[in-house]
Amino acid sequence: QVQLEESGGGLVQAGGSLRLSCVASRTTFSSKVMAWYRQGPGKQRELVARISIRGDTDYADSVKGRFTISRDNAKNTAYLQMNSLKPEDTAVYYCTVLRGFYKNAPPTVDWGQGTQVTVSS
């Protein structure tokens with residue numbers, strides 16, 4: 001079973017930046033499509049960004065131009081660089097493995113603990 005560990009969350013003022021990390025183990029990371037989701041207070045979990053095996057990326061409209069997903073296969077790590085943060089970005093952020101790089105591709109691993117991001121106004 002793939003294990004994912006998210007880190008890097010915290011409290012930041014609006015306009016600030018954070019970089020989230022997701023370290024994967026028990027998997028061939030380079031062959032996995034990775035994604036970041038988030039779940040804000042009282043909201044459903046939503047896809048934020050995904051990255052293909054080749055490095056192609058896709059973003060939710062709400063974060064385009066502000067967030068960047070990347071991967072380092074040598075470190076078995078996916079990242080989410082978040083700039084120009086807004087209070088509405090406040091959420092628990094989760095990383096996951098997707099079945100493929102296509103619309104509505106389902107996650108293939110259980111959700112982990114996630115990492116809390118809080119943006120103050």
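Is Asp 89 buried or exposed? In this predicted model, Asp 89 comes out at 0% relative accessibility, so it counts as buried; the cut-off for that label is under 20% relative accessible area. As for where it sits, Asp 89 belongs to the loop that runs between β8 (77-82) and β9.

What keeps Asp 89 company can be read from its contacts. Setting aside neighbours within four places in sequence, Asp 89 touches Arg 38, Arg 66, Phe 67, Ser 84, Val 117 and Val 119. Arg 66 turns up again in a polar contact: its side chain and that of Asp 89 are joined at 2.7 Å.

The strand that follows this loop, β9, brings in the next feature, a disulfide. Searching the whole structure turns up one such bond, and it links Cys 22 to Cys 95, with the sulfurs 1.9 Å apart. Cys 22 is found in strand β3 (residues 18-25) and Cys 95 in strand β9 (residues 91-98), so the pair ties together parts lying 73 residues apart in sequence. As for its handedness, the torsion about the S-S bond is about 60 degrees, so the disulfide is right-handed.

Both ends of the bridge can be put to the test applied to Asp 89. Cys 22 has a relative accessible area of 0% and is buried. Cys 95, at 2% relative accessibility, counts as buried too. The picture around β9, then, pairs a buried cysteine in the strand itself with a buried aspartate, Asp 89, in the loop leading from β8 to β9.

Definitions and conventions
Residues are numbered from 1 along each chain as its sequence is written. This is a predicted model: local features need pLDDT of at least 70, side-chain atom pairs count only at pLDDT 80 or more; totals for chains, interfaces and linings use all residues. Side-chain values use heavy atoms; hydrogens and water are left out. A disulfide is a pair of cysteine sulfur atoms within 2.5 Å. Helices (H or I, at least four residues) and strands (E, at least two) are DSSP runs, numbered from the N terminus. Buried means under 20% relative accessible area, exposed over 50%, partly exposed in between (1.4 Å probe, protein chains only). A polar contact is a pair of N or O atoms within 3.5 Å; within protein, one must be able to donate a hydrogen and the other to accept it, and residues adjacent in sequence count only if both atoms are side-chain atoms. Contact means heavy atoms within 4.5 Å.
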